[in-house]
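The following exercises concern ring geometry, strand pairing and nonpolar packing. Each task is followed by a solution in steps.

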Amino acid sequence: MFQTLEHVLPSNRKAVDEYLFHPSFWRIELLLRSTRSVNSKILSDVELLKMTESYQMYEEERLDANLNDVAYELDTTATVSLITGAGRIERYVFPLIYLLLRRHLQVMRLACKHVLDTEEFVTLNESLVSILLAVDQRIESLEAVFKQTHLDVQARLGNFAFGIFQLSYGDIKRIPADNSYATWTNPEGESSSTLVELQDDAKIIATGIPQDIVKYGIQDGYSVTNYYEFDEPTPDASREFSQIEGTWSGYYQREFGGSLASCILRVSIRLASQPKIIGKGEDFAGAFEFVGLAQAYQTYLGFTFIVEDEEEGTTRTCTGRLDRASNTITAQWKTSGKSGSQDELGEPFILQRTPSNLLRYKYTPQQYAEDPVRSRWAFACSAALHQAQAALWSRRFFEERFRERKRYVELTTRDLIVQMGLTPQVPLTQVERGELEYLRQELDPSEARFYQALSDFEIQKLPWHPTWGCDGCGRQITKSRILCIQCMSDDLSDNVDLCMSCIDKTPSKRGFTHDASHPIVKVEQTLHDYHIVKVVEAARATFERTKTVFATLESAGVSKRNTDESSASSRPQCIYCEKDIHLPCWVCVVCTTGTFICPECDSKRVFGRNASNGHLHTHALVCIRDTILPVAEISHNEQYLALERRLDTLEQKFSEEFAALEARENERFTALEAQVDARLDGLESRIEARLQGLEAVLKQIAAQTAALPAVYGQVVREYVK
């Protein structure tokens, strides 16, 4: 199961992680670890082995048939007794758990290819809990019996049924350090990792598994409602009721996320049988169906319909009236909560025949009052252009729809993260909140509901860390989880957890006093008890080894600008940008070769498999801040030397930064000087050309004057006198 986990679709990962992290799994591990193996001499008896195998096959077939009858769903301990039949639970607990986990593994493999309902794995956990409750009841009955003759019930349970209940008695708790799941090996000598070694493809993993084994069905599709089926009038409908049939749309306000949101509501009404009406409606938050009654009056048609919300436990009643003269509906919602709560009346709203996808171009009452002709003409032109672009599949039209979808999903996802108390949070600004409100009022309800579903899907795909909250801000940790491997209990059951927003905080919780200098590990996915021992040990080893490497580099004076190329090339490089690594940095604890990531590439969340060493973004990373090793006692000389090395490193880094800054400024001044010289040269050439042209004109005038007859000269002289 834990090896199949890496192939599970991101949309199912949260549900599968919660399933595997459920207390029932470490309870099962206690049963396995508590049970002693059979004496090897017994296994040498061939006849006894044949009888055992025959009995095992018979019991397994019987239990499997009984489980099929209840669809592998054990809701109570009574159902467990019904499946096992007469006999004590210790006889059937392991075969029953094996058959259940085998079916659950098939469901997990389906989750590698198909989207499953979030409640699917909750039901699977309930079946395991029912078995463990039967085990607890058996332990309680044995305790009552043993206390009559023995004072030490724990020791007596160790000699009962190969000690299967010994570790499950008394004050039990989760101890990840003692978890034995990862130590299992195949009796034939093969490691458990070979079981799915050749099944790297999710389609191969899910091949041959029937889809009807899941209780809530496959959730790959998205339900779309046809709102045009009610456009055709009902045959034989009376004239006084037929006017209400069809699709209506308009703006209204509804509660969403603890506040009021303005959006478009679309309602389609059909006359079932006078005066009964049926219909469907939708806004950006969801779709609904309803049944109601209509009543005809002389000037208007009144109606009322009810919408039941099973998830919220509320009932919404819509009461409205159709004005026959203006052909508009004025309606109002009334929300009735659970028993004891007061009814809430919503603001009245107006529905018209205007298609919901064209409401964005509709004129306001103020615009219509100022200039009715211009308002109608502008609406007609914009609506016709919208429909023409949609019919012709205009590229500009689809680019605009794509931009709206991308922006809506981005803003809604960020808003949902804040509403749900997840991390890291980037709250919407006032401008962005206004933009989201504008999109909800502009988008067609079908489009907005689809975009809202995409946003919910983005939340569902987030890497969740079940049961852990940030010790810095108290919010639920998603995406990256930071573990302090120094502020950690010996049994690995508790430690200081931080989100990426609180990575520099120093909380004091549950007896731990965290400090910024402590070694920390970042994981992108849920760290199960199956992996935690290996990850923590590898992180500590990587932390010490990497600090030693950087300490050696500092003492040797190695830097990127060293004149010795062989020495300069020995400094580690980032696997993404291939720049030299300087502290602080991140180091992978999974990859066997040194895999370094600079803070810039880590903050950009550069994901994907690195071609050089196969590094994945799901690998755990340890942070290296400095070269000081966390030892118990450090002499003053060692502290002085370490401080001197840090000062040398800082000085060297400043020198490199100043040199780079000086080089950039020199380049800018050189470019500016070249630009000024070019402009001066151009100005000089233009002035010279103009002077040459003026000189030529003067020469031409002098030549023409010299060619005039002498009589004109005499006339001029006389005129001057």
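Two strands are taken to pair if DSSP finds at least two bridges between them, and a strand is a DSSP run of E with at least two residues. The model examined here is predicted.

**Exercise 1.** Determine how strands β6 and β7 are paired and describe the turn between them.

*Solution.*
Step 1. Strand β6 covers residues 314–323 and strand β7 covers residues 328–336; 9 bridges join them in the antiparallel sense.
Step 2. Threonine 317 has lysine 334 in β7 as its bridge partner.
Step 3. The two strands form a hairpin with 4 residues between them, and asparagine 327 in the turn has a positive phi of about 55°.

**Exercise 2.** Identify the bridges that join β7 to β9 and to β8.

*Solution.*
Step 1. β7 and β9 run antiparallel and are joined by 3 bridges; alanine 331 stands opposite phenylalanine 349 in β9.
Step 2. β7 and strand β8 (residues 344–345) also run antiparallel, with 2 bridges.
Step 3. Lysine 334 has leucine 345 in β8 as its bridge partner, while threonine 317 is its bridge partner in the pairing of β6 with β7.

**Exercise 3.** State the strand order of the open sheet of 6 strands, locate its edges and describe the helix α16 that packs on the sheet.

*Solution.*
Step 1. The order is β14-β13-β17-β20-β18-β19, with antiparallel pairing.
Step 2. β14 (495–499) and β19 (596–597) each have a single partner strand, so one side of each lacks a neighbour in the sheet.
Step 3. Within the sheet, β13 (residues 481–488) and β17 (residues 520–523) pair over 4 bridges, and arginine 481 stands opposite valine 523 in β17.
Step 4. Helix α16 (residues 529–556) touches β13, β17, β18, β19 and β20, and its direction makes about 35° with that of β20.

**Exercise 4.** Classify the aromatic pair of tyrosine 363 and phenylalanine 379, and then the pair of phenylalanine 654 and phenylalanine 658.

*Solution.*
Step 1. A search of the whole structure finds 22 aromatic pairs.
Step 2. For tyrosine 363 and phenylalanine 379, the ring centres are 6.1 Å apart and the planes meet at 85°, so the pair is edge-to-face.
Step 3. Tyrosine 363 belongs to the loop between β9 and α11, and phenylalanine 379 to helix α12, so the pair ties together parts that are 16 residues apart in sequence.
Step 4. Phenylalanine 379 counts as buried, at 17% relative accessibility.
Step 5. Phenylalanine 654 and phenylalanine 658 are 6.5 Å apart centre to centre with 45° between the planes, and form a tilted pair.
Step 6. Both of these residues lie in helix α19 (residues 636–706), 4 residues apart, about one turn of the helix.
Step 7. Phenylalanine 654 is partly exposed at 45% relative accessibility, whereas phenylalanine 658 is exposed at 58%.

**Exercise 5.** Which residues touch the most other members of the largest nonpolar core?

*Solution.*
Step 1. Among the 50 residues of this core, Phe121 and Phe165 touch the most other members.
Step 2. Elements giving two or more residues to the core include α1 (10–20), α4 (46–69) and α7 (120–149).
Step 3. Not counting residues up to four places away in sequence, phenylalanine 165 touches ten residues' worth of surroundings that include Leu31, Ile89, Val135 and Phe160.
Step 4. A second, separate core has 45 residues, among them Leu492, Val535, Ile581 and Phe596.

Key:
Residues are numbered from 1 along each chain as its sequence is written. This is a predicted model: local features need pLDDT of at least 70, side-chain atom pairs count only at pLDDT 80 or more; totals for chains, interfaces and linings use all residues. Side-chain values use heavy atoms; hydrogens and water are left out. Rings of Phe, Tyr and Trp (its six-membered ring) pair if their centres lie within 6.5 Å; planes under 30 degrees apart count as stacked, over 60 as edge-to-face and the rest as tilted. Buried means under 20% relative accessible area, exposed over 50%, partly exposed in between (1.4 Å probe, protein chains only). Contact means heavy atoms within 4.5 Å. Axes are lines fitted to C-alpha atoms, for helices over the stretch in contact, and angles run from 0 to 180 degrees between N-to-C directions. A nonpolar core is a set of buried Ala, Val, Leu, Ile, Met, Phe, Trp, Tyr and Cys residues joined through side-chain atoms within 4.5 Å.
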